[in-house]
Amino acid sequence: MQYRHQEAHQQALRHELELHREELQAQNDNLLLFQQELALSQRSYQELFDSAPIGYFSLDPQACVVELNLTAARLLGRPRDLFPGRSLLSHVHPLSRTAVTEHLRQVFSGLEGAAQVRMLRHDETSFEAHFQSSPERDGAGRVVRCRTAMLDLSERLLQERALERTSRAYQVQAACNHALLHTGGEESLFAEICRIIVEKGEFALAWVGLVEEGAGQPIRPVAVHGEHADFVRGLNLSWGERRSGQGPSGRAVRLRQPVVCGHIADDPVFGSLRREAARRGLCSCISLPLLAEGRCLGVLGIYAREVGVFDADEEQLLMELANQLAFGLLALRTRAAHGAALEQVQKLAYFDALTGLPNRSMFLERLEQALALARREDRSMGLLFLDLDRFKDINDTLGHEGGDELLKAVAARLRGCVRQSDTVARLGGDEFVIILHSVHDQSQVEPVAKKVLDSFSQPFLINGREVYSSTSIGIALHPSDGADVDTLIRHADAAMYTAKAEGRQIYRFFSPEMNRRIQAKLLLEQHLRLAWTRGEISLHYQPQLDLKTGAVVGVEALVRWHSPVLGAVDPERFIPLAEETGMILPLGEWVLRQACRQVGSWHRAGYSGLRLAVNIAARQFRQPDFIDRVDAILAETEFDHTRLVLEMTESTVMEETEEAIMTLTDLKVRGIGLSLDDFGTGYSSLNHLRSFPIDQIKIDRSFLSDLQSPFGQAAIIEAMIAMAHSLGLRVIAEGVEDKAQVDFLMARHCDEVQGFFWAHPLKAEDLPALLRADYLPFPETALH
Ligand SMILES: Nc1nc2c(ncn2[C@@H]2O[C@@H]3COP(=O)(O)O[C@H]4[C@@H](O)[C@H](n5cnc6c(=O)[nH]c(N)nc65)O[C@@H]4COP(=O)(O)O[C@H]3[C@H]2O)c(=O)[nH]1
């Protein structure tokens, strides 16, 4: 029983053992399986560990490598088996060693950590890396290792930098565009562009050079900005084929495309300049041609502190910038050319081309401004209206060029008479104006007017000749003489006319009386224009007698105007007006034609010896085709040339111009007589007469009317007659009114006479009766 009990017990034990064995076997099998799986997983882990894109390594507390994956070994540029037991610090860039030591200290103190460091490859090149580290502990929890994942940042940094550069380039472009739009001129534009490139683009140096034609084909630096501007300034650059043109700039201009030097220190193009550039930390550069409309205008050069900065993207962006700059430069030049043209047009529009003074338009603007200012400040201002005296005569004497020279000289003198702030302008012809700003009253204007008159006292030197000129000045003041531009000008003009009428070479202030005269003159002018078409003009004839015989030897044609509105208008009033307005030309021609017709008819009626004297105004005489016109009228009316006498005043003919003498000679050749009217009133001397082909002088009536005066008029007449006779000229006296005058003239052997004593100017129909009388009565005494 005990045995059986033992047996059973053993059997149970065996069974239990069997179960344990089986269990162990199963566990063993599992363990084996697990071991196999573990080995598999370890292998795959190792594989993963080795082939991971990230470098992994673990370090002991002395920073020695315990293990590392293949990626880490590859990144550091050595076989993996050479690392274990060696310090990692030999693969850390000196600049990052402190940072790495600090990072490891932190990890071995039990903290995880990250750091950005520069690692050294075995070949001494470096790369930027990111460390992500965690502590590895032993069973007791002590940190025994540092596990680190090392990420190579080169690629990412490159991308980041490229992005940064692109964004910088865009910023540069935007800033440059702004500069292009707001620039004032080429120089400032270039300077600004260089500044932007350096400051915003974070480049070391930027410069612009302009391509020049001509000898040496130079590239002239016009702007440079950056740390080493002297480097560019010292360069001798050209775009020709010679040595100075072999640098990147010269090549960029010639090739018309960007030229990049990625590494100046290695680039033979830089030749001897390599060292200079390196010394200044200039490592790479790009030269960009400034191309516009098929031309290369210049070059934009940019230097960087790093090598290899100017990759394809950068190059493209900078070339865009260069193109914009070239376009802007061209636009600027076009604008400048337009601006210059505009300025010229404006100058022409506002300044007198001859004298450089403001012209009428500018004067009107300034006067408007001056008036507005005077009104605002409650001040007075003065306007001086100037007209040169007898400028026409001077112009005829000196020729147009001489006249122009005189106007220029006058302009300069006038400018010298006033303050800088006053305006001197030329209205046209010989008319000038002066605006005197800020004057109080007449007393402040008067000295200026005197100064202007005085300034004419010295002769002007024109073409080596001393020429005297004078001016008449009319003055109007604001506000007393006019509150607006038109009134002020009109009144200054009226005052100037008064100055002329009152003897010239003087100044006159405007007075309301002048205005009335001007109005009356304007009215007269209007009526005279109409009189012409309305047949209100006619001719009267005044006999001229031979003083010895009393025979009527001629008649003087005198124009008459009878206006239905104004009544009979004195020729002394309307002839000057007709001269001034030019109406004298058709009027004078009409008179000559009419008189020739009339007197011609008397010739045909039997009075064939009758001479016809016709007044010729200066303006008529100076017409270039005057002779032709006279010829035409004589031919048309079939009038005998030898019976015509043209009466001209001294001033008309006395300007010793070639033309005047030629015209007079031409007339003389035709047999036409020439009489010098109003003799004695002008400024010519008798001696002067020698050079003129005239036949007779007509002593002005003012001399006879003054015969009794104690101032010796009689002696003057006597001298005039004697002198004229000695020159072989006939003498006619006009305005003979009384017996005493006749006696006087007879005694001095005056040749001919004309005057109320015998007859007033008569209508044509009244003259034949007088002609029939053959001889007109002489005063009793004179007959003996
Ligand atoms: N006090 C006085 N006067 C006398 C006497 N005898 C003649 N007269 C005036 O003296 C002027 C003579 O003409 P003038 O000296 O050529 O001076 C002329 C002449 O310069 C100009 N004139 C007249 N007709 C014409 C013309 O057809 N053409 C031009 N260009 N001028 C003319 O007008 C001026 C004035 O002409 P009128 O008024 O007709 O004045 C005439 C005549 O009426 C006299 O005894 N006493």
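**Exercise 1. In this predicted model, which oxygen or nitrogen neighbours does the ligand find at N615, and which comparable approaches are made by D677 and E556?**

Solution. Begin with N615, where a polar side-chain atom lies 2.9 Å from an oxygen atom of the ligand. Continue with D677, which places a polar side-chain atom 3.0 Å from an oxygen atom of the ligand. For E556, an N or O atom of the side chain is 3.1 Å from an oxygen atom of the ligand. Since a polar contact is a pair of N or O atoms within 3.5 Å, the distance of 2.9 Å at N615, that of 3.0 Å at D677 and that of 3.1 Å at E556 can each be set against this cut-off. As for the cover of the ligand, the protein takes up 87% of the 790 Å² of accessible area that the ligand has on its own.

**Exercise 2. Describe the shell around the ligand by its elements, its residues and their chemical classes.**

Solution. Take the elements first: those that give two or more residues to the shell are strand 19 (552-563), helix 15 (571-581) and strand 23 (673-679). Strand 19 gives the most, with four residues. Next, count the residues: 22 surround the ligand, and the closest are Q542, N615, R701, E737 and F756. Finally, sort the shell by class, which yields nine nonpolar, four polar and nine charged residues.

**Exercise 3. Work out the order of the five-stranded open sheet that contains strand 1, and say which strands stand at its edges.**

Solution. Read the order across the sheet, which is 2-1-5-4-3 with antiparallel pairing. The edges are then strand 2 (65-68) and strand 3 (113-120), each of which pairs on one side only. Neighbouring strands are turned by 30 degrees against each other on average, when direction is ignored. Looking inside the sheet, strand 1 (residues 55-59) is joined to strand 5 (residues 143-152) in the antiparallel sense over five bridges, and Y56 has A149 of strand 5 as its bridge partner. Against this sheet packs helix 3 (residues 97-108), which touches strand 1, strand 3, strand 4 (126-137) and strand 5, and whose direction makes about 145 degrees with that of strand 3.

To complete the picture at one edge, strand 3 and strand 4 pair in the antiparallel sense over eight bridges, with H130 of strand 4 as the bridge partner of Q116. These two strands form a hairpin with five residues between them, and E124 in the turn has a positive phi of about 80 degrees.

**Exercise 4. Why is one side of strand 12 and of strand 17 left without a neighbour in the sheet?**

Solution. Write down the order of this open sheet of five strands, which is 12-13-11-16-17, and note that the pairing is mixed. Strand 12 (423-428) and strand 17 (507-509) stand at the edges with a single partner strand each, and therefore one side of each has no neighbour in the sheet. On average, neighbouring strands here are turned by 20 degrees against each other, direction ignored. At one edge, strand 16 (residues 471-478) and strand 17 run parallel and are joined by three bridges, and I473 stands opposite Y507 in strand 17. Helix 12 (residues 442-455) packs on the sheet, touching strand 11 (380-388), strand 13 (431-439), strand 16 and strand 17, and its direction makes about 160 degrees with that of strand 16.

**Exercise 5. Where do P479 and N463 lie, and what is noted about the backbone at each?**

Solution. P479 is found in the loop between strand 16 and helix 13 (485-501), and the peptide bond that leads from H478 to P479 is cis, with omega near 5 degrees. N463, in turn, lies in the loop between strand 14 (460-462) and strand 15 (465-467); its phi is near 50 degrees, a positive value in a residue other than glycine.

Methods:
Residues numbered from 1 in each chain as written. Predicted model: local features only at pLDDT ≥ 70, side-chain atom pairs only at ≥ 80, totals over all residues. Heavy atoms only, no water. Polar contact = N/O pair within 3.5 Å; in protein donor to acceptor, adjacent residues only side chain to side chain. Areas by Shrake-Rupley, 256 points an atom, 1.4 Å probe, with all protein chains shown as cover. Nonpolar A, V, L, I, M, F, W, Y, C, P; charged D, E, K, R; others polar. Pairing = 2+ DSSP bridges. Axes fitted to C-alpha atoms, helices over the stretch in contact; angles between N-to-C directions. Contact = heavy atoms within 4.5 Å.
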